[in-house]
Amino acid sequence: MRSNIALKALIAVVCGAGIVSCNNSNNYKNTSRATGWDINSKDGGFQFNSDYKEQEAAPGLVFVEGGTYTMGRVADDPLHDWNNSPTQQHVQSFYMDETEVTNKMYLEYLDWLKRVFPPTNENYRNIYNGALPDTLVWRNRLGYNETMVTNYLRHPAYADYPVVGVSWIQATEFSKWRTDRVNEKQLEDEGFIAENAKYSTEAASTFNTATYINAPTKVYGGNTEMIDGKEVQDRLEDTDENGNPIKKVYPGRESGMIYPEYRLPTESEWEYAALGLVGIRNYNVYRGRKKYPWDGMYTRNGDVKNMGDQLANFKQGDGDYGGIAGWSDDGADITAEVKSYEPNDFGLYDMAGNVAEWVADVYRPIVDDEFNDFNYYRGNVYTKNAINPDGTVKVLGVDDVEYDTLSNGKLVAKNLPGEIAQEAINADDTYMRTNFTDSDQRDYRDGDKSSSRYYQPFQDVDDPSKRMYNSPTYDNFTISDSSDTVENKGYDKEERTTLISNEVRVYKGGSWRDRAYWLDPAQRRFFPQDMATDYIGFRNAMSRVGSKSLNKNKTARNTK
């Protein structure tokens, strides 16, 4: 007993003298487990968000707990495409849009572009024009669809309908914009950015998440300039209560306030989410025999209350886009308003029918599970931040905007002012690496030495007859002065043997134009990334950081 009392007295003396930092709970919340130093002390030093709990769902998203599943079709494939052979894959937990991106959501994007980069300014004209959906996708040579051409995107009657006429490239740019706007609001709500400064900023200093993290003084949220009569500043003042200057704080990743990027889901994520396997412990389902996002093998509801109702919006037969008016009708002839049908077990709406959806992957007929079966994705192009001679990152100005010229001659902005310039990684960056060696990984194990026992080195990569996928290219074309005519100078039809290239992307799910066969989440098709249709839309995903599951108790592994 005396020894215990003496030990406690010694600890009290040591703690009181400040020789070490004592924490009664021993959980090291505000004390370094490595050094014993204080964390987040008022006198400076290492700052870290020790109160962070877990990632919250960003606007529009629902949680999808990851797991193992069978990707591809187990049932017979009557079309014999052989491009969705079953493989077992594991997907990490992530978040996904509850619904497809709607016309109203996309119009908000267009409105922001018009405010910040007014198309009346010649320097910005193609930024806005390049983001506009192609409303002419509704036209048909032998059909009257002009009502949709003029109304579908902008009329309030279609506000909550999925946006269409958007190419894969445009969907990707929307995702980048959404990331910045959500993080911008997050920082504004926390007091790091002046309220409503986003409406008054100059085009050269628009908020960009990556720029704020790497060079915060280059965006309006990181400087102290006057904007619309308000000073944009950090949460901390320039001086403390004694008038002494203090270090300004710009919250980065370690703050926990910055969301990961919105992006298109990978094909594996989309298929897993569509199946909605949460809570199901059925062997046949686990082995890939779940045909639709709902339970059962039929497209009509089997519940007594809603017996016979269609469970998705799809084409039911020749000339039958909605069924007979009345009881048999599925409620839509073209697209339907989002949330018109019941969600799957993950809480996701319209993962079958309504519109097919772009995913991130470059299309290939096989899924190379022999090389990777964890977060599978084909499409990686690794880049790095461009660095100025003085060692700072290169932030793009108003004169640095570059454009991609699409195969139809349309211009789309590759970057926007305020973003950090990117460049391809090189041999110096990959020296002694074993996990990747090149910037562009889209062709990895695809017709090269790693994937073919009959590999032959192709001497002339520009010769379509000597390439595994010799799809036509449209890099070399001329546009007439009136911009009405585009003369393509791609490969001749006689030399072309495939439409597959690094510029075609996978799209998943059935649409209002498709028969029930395409409602199976395992089905996969492809389309050029710079083209659009009236039946392909998209939704966003976001990676989850931290624990696999929500609100899991880990007391057994934590020190109290």
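This note comments on the nonpolar cores, one strand pair and several salt bridges of a predicted model.

1. The largest nonpolar core holds 46 residues, and Y106, F117, W138, W358 and F538 touch the most other members. Helices α2, α3, α4 and α5, together with strands β7 and β10, each supply at least two residues of this core. The largest share, 6 residues, comes from α2. In general, nonpolar side chains of soluble globular proteins tend to be buried together.

2. Beyond its neighbours within four places in sequence, W138 is in contact with N145, M148, V149, Y152, V164, I334, W512 and D534. Apart from the largest core lies another one of 24 residues, including A273, L348, V367 and Y376.

3. Strand β1 (residues 61-64) is covered on both faces: L61 and F63 are buried on one side, V62 and V64 on the other. In a regular strand, side chains alternate between the two faces of the sheet. Strand β1 runs antiparallel to β4 (residues 94-97), and 4 bridges join them; V62 has M96 as its bridge partner in β4.

4. The model contains 29 salt bridges. One of them joins K508 and E267, with a distance of 3.5 Å from N to O. This pair links distant parts of the chain, since K508 lies in strand β14 and E267 in helix α7, 241 residues apart. Both residues are buried. A network of salt bridges links E267, E271, K508 and R524.

5. Where do E402 and K414 lie? E402 is in the loop between β8 and β9, and K414 is in the loop between β10 and β11, so their salt bridge ties together parts that are 12 residues apart in sequence. Their closest N and O atoms are 3.7 Å apart.

Conventions
Residues numbered from 1 in each chain as written. Predicted model: local features only at pLDDT ≥ 70, side-chain atom pairs only at ≥ 80, totals over all residues. Heavy atoms only, no water. Core = buried A, V, L, I, M, F, W, Y, C linked by side-chain atoms within 4.5 Å. Buried < 20%, exposed > 50% of the residue type's maximum accessible area, 1.4 Å probe, protein only. Contact = heavy atoms within 4.5 Å. Pairing = 2+ DSSP bridges. Salt bridge = Lys/Arg side-chain N within 4 Å of Asp/Glu carboxyl O.
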